[in-house]
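Here are my notes on the model, as numbered points. Please read them with the structure open.

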Amino acid sequence: MSAAAVGSARTGPQHRFTGDDLFDLAAAADPQISPDGSRIAYVRRANDIMSDRAVSSIWLIDTRTGEEVPVAGQHAAAFSPRWSPDGKRLAYASTDGGNPQLWVRWMNGGEAVRLTGLPTSPSSIAWSPDGRSIAYTMLVKDEGPKFGSAPANKPEGAKWAEPLEIRDLLTYRADGQGYIEPGFEKIFVVSATGGAPRQLTFGPYHDGGPLGWSRDGQTLYFSANRKADWETDPVESEIHALDIASGRVTALTDRDGPDANPLVSPDGRLIAYVGFDDKGRAYENNNLYVMNRDGSGRRVLTGNWDHSVDAIAWDADNGGVYAQYDDHGETRVARVGLDGSIRDVASGLSGSDLDRPYSGGSFSVSDGDAIAFTGGTATRPAEVQLASGGKTRMLTDLNRSLREVKALGEVRKISVASSHDGLPIEGWLTLPPGYSEGRRVPLILEIHGGPFSAYGPHFATDNQLYAAAGYAVLSANPRGSTSYGEAFANQIDKAYPGNDYFDLMSIVDRAVELGVADPDALFVTGGSGGGVLTSWIVGKTKRFKAAVTQKPVINWTTQALTADGPAFFGRYWLGAMPWEKPELFWARSPLSLVGNVETPTMVVVGAEDYRTPVSESEQYYTALRLRGVPTALIKVPGASHGSIAARPSQSAAKAAAIIAWFDKYRKGWTRPAAGE
């Protein structure tokens, strides 16, 4: 049901973007073009007002006519569509009937058949070259550790407490997943016409996707860390070859660093993959490599290209690899030739997350080199687009009714030289709808998380809600942001937060200089890494009237030992463990500056956040209260770190709370004199 279908006392259309509008939004994801390029199956993520969630369904587009038809998801969630090699069938996952299962639909008027009855969800779906089998990965549960037990003489009908919870993993809980069930991700294969699946890999290691088939269908390639220290070396992985007949697993790579995403060339001779040398730094660009199918002849294709490679796909002529990458906050696809040539073939990619303007998106390639991708604009969520023959067409219009009615804020790119060292810093300024040139308006500095990520000219509900309330919104990419090269990102290696503060102050000054921002009405917010910097900023300056720190890290010692990546944060971000350099951990913790804070600061966190655990926010809230600084603590029920804006009602309520906090302190706050 649409929010537009809910009755109200309104006498005409509401032209401002409101929280209600979040229920009417949809975005495209995971576009999979058929081998012959005639059809695209994609996932449509549409918010549903009755379940208060984004619901995933699969739709089919005729690339010639643009006609769309639903394929799956009318009764339950459907996702991960994958074409058979001949384009006559479509495999996908669906919760139709309960737990996620693997389904196949015969596309020429045939039925959809459920292939599996699995206890856990299938991932990394991959067709064999002959179309007779489908490989996938799945969690195989194990029994957990057992130490002791309750007395055995429980009387019939007695109501005893739940059994003890016993954990023995280093990472025993994960954000968005909760407490981790004992077990390991393993590789399976099932007949494409149904039957019992067969487990192919075994042992106490996670064997992950994506999966790549050899052209003769005898070998599967996958990425895993199958070493004894896999728990304490979170970055490491190698490409492995799995002989399907014997079950023998052979490592094809051996360097210190991750190797992942193995894809076999159409002629079967080469394997493309991505990875980097582990130098112990907080950030490294992913490079694109190729090697012979036996692991010999490894060579890098992007060694002199200062961009990080994300998803990849082979060119049908075996002469190159398509690679997704980010550049200055925008996402593109380039063709990287085996001869070293690089040229862009698609631009304007966008992802399906709607709350903030992160870079992202996805793509696939047909046998004829047509590229299907998700792309939008700063005022339009991701649509399915097709790049072919030098031209790009937008094939969907998922939010037309909203676009025709709503006045959205214009987004402009601005840049500045950092006051610290002159480093070029970019940002995007979202203006209130109907903004008049030369009029100064209150400004919200909205800082991205990561911190290794990037904002760009992408649609963002938070920014549009703030703009509709009369605020300009500045989404900046300070040093540490990705898409500006490896050196730019590593400006904050072992020094975060730090000089990124000066970058942010400089670009705020630029917004003031341009005549947009009112220097007497400045506000600041951000989530995760942006929450870290928000808390750091109010400890450094009093220029902001109010602040909202969302899911921050406040104390690096407690975060490093309670977050869901304990082997990663201390070692890679600070270069030590808390007991080795406690003074370093404290010097980089925003809590060390709380004695300076005089800015009213609200604290927001998901109640099930295991990345920047709830205790981080609670520490800061308590410290602010003890110092007499105006504050409030908001917990988003049921929300993890990554899902704090996943449910439309909560996303709207969170944005409304932030606006209300800023409105309350529009004129600032002065600490009462002693005794008042």
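By class, how many nonpolar, polar and charged residues are in the lining of the largest cavity? The count is six nonpolar, six polar and no charged residues. Keep in mind throughout that this is a predicted model.

1. Cavities overall. The search covered the whole structure and found three cavities of 30 Å³ or more. The largest has a volume of about 60 Å³. The second largest has a volume of about 40 Å³.

2. Largest cavity. Its lining is made of Pro357, Ala378, Val411, Trp428, Thr430, Gly456, Pro457, His458, Ala460, Asn463, Gln464 and Ser475. Two elements give two or more residues to this lining: strand E32 (424–430) and helix H2 (461–468). The lining has no charged residues.

3. Second largest cavity. The lining residues here are Ile447, His448, Pro451, Pro478, Arg479, Gly480, Ser481, Tyr496, Asp500 and Leu533. By class they are five nonpolar, three polar and two charged. Charged residues count as Asp, Glu, Lys and Arg, and the list includes Arg479 and Asp500.

4. Helix H5. One of the residues lining the second largest cavity, Leu533, is also among the buried residues of H5. This helix covers residues 529–540 and has 12 residues. From first C-alpha to last it reaches 16 Å, close to the 16 Å expected at 1.5 Å a residue. H5 is mostly covered, with 11 of its 12 residues buried. The buried ones are Gly529, Gly530, Gly531, Val532, Leu533, Thr534, Ser535, Trp536, Ile537, Val538 and Gly539.

5. Second largest pocket. Its volume is about 1,500 Å³. The lining takes in 40 residues, and Gln32, Arg82, Leu263, Ala313 and Val365 lie nearest the centre. By class, the lining divides into 23 nonpolar, 13 polar and four charged residues.

6. Strands around that pocket. Which elements each supply at least two residues of the lining? They are strand E1 (26–33), strand E5 (78–83), strand E9 (123–127), E15, strand E19 (259–264), strand E23 (309–314) and strand E27 (363–365). E9 gives the largest share, five residues.

7. Gly212. This residue is in strand E15 (residues 207–213), one of the strands that supply the lining of the second largest pocket. Is Gly212 buried or exposed? Gly212 counts as buried because its relative accessibility is 5%, and the cut-off for buried is under 20%. Leaving aside neighbours within four places in sequence, Gly212 is in contact with Thr219, Leu220, Tyr221 and Pro262. Ala135 is 77 residues from Gly212 along the chain, and their C-alpha atoms are separated by 9.2 Å.

8. Asn225. Look for this residue in the loop between strand E16 (219–224) and strand E17 (238–243). Asn225 is buried, because its relative accessible area is 10%. Its side chain has a polar atom 3.1 Å from the backbone nitrogen of Lys227. The side chain of Asn225 also reaches the backbone oxygen of Asp233, at 3.4 Å. Not counting residues up to four places away in sequence, Asn225 touches Tyr205, His206, Trp230, Asp233, Glu236 and Ser237. Asp233 therefore appears twice for Asn225, in a contact at 3.4 Å and in the list of touching residues, where contact means heavy atoms within 4.5 Å.

Key
Residues are numbered from 1 along each chain as its sequence is written. This is a predicted model: local features need pLDDT of at least 70, side-chain atom pairs count only at pLDDT 80 or more; totals for chains, interfaces and linings use all residues. Side-chain values use heavy atoms; hydrogens and water are left out. On a 1 Å grid over the protein atoms alone, a cavity is a set of points where a 1.4 Å probe fits but cannot get out, and a pocket is an open set with protein on both sides within 12 Å along at least five of seven lines; lining residues have an atom within 4 Å of a point. Grid points are joined across faces, edges and corners, and a volume is the space filled by probe spheres set on the points. Helices (H or I, at least four residues) and strands (E, at least two) are DSSP runs, numbered from the N terminus. Buried means under 20% relative accessible area, exposed over 50%, partly exposed in between (1.4 Å probe, protein chains only). A polar contact is a pair of N or O atoms within 3.5 Å; within protein, one must be able to donate a hydrogen and the other to accept it, and residues adjacent in sequence count only if both atoms are side-chain atoms. The expected span of a helix is 1.5 Å times one less than its number of residues.
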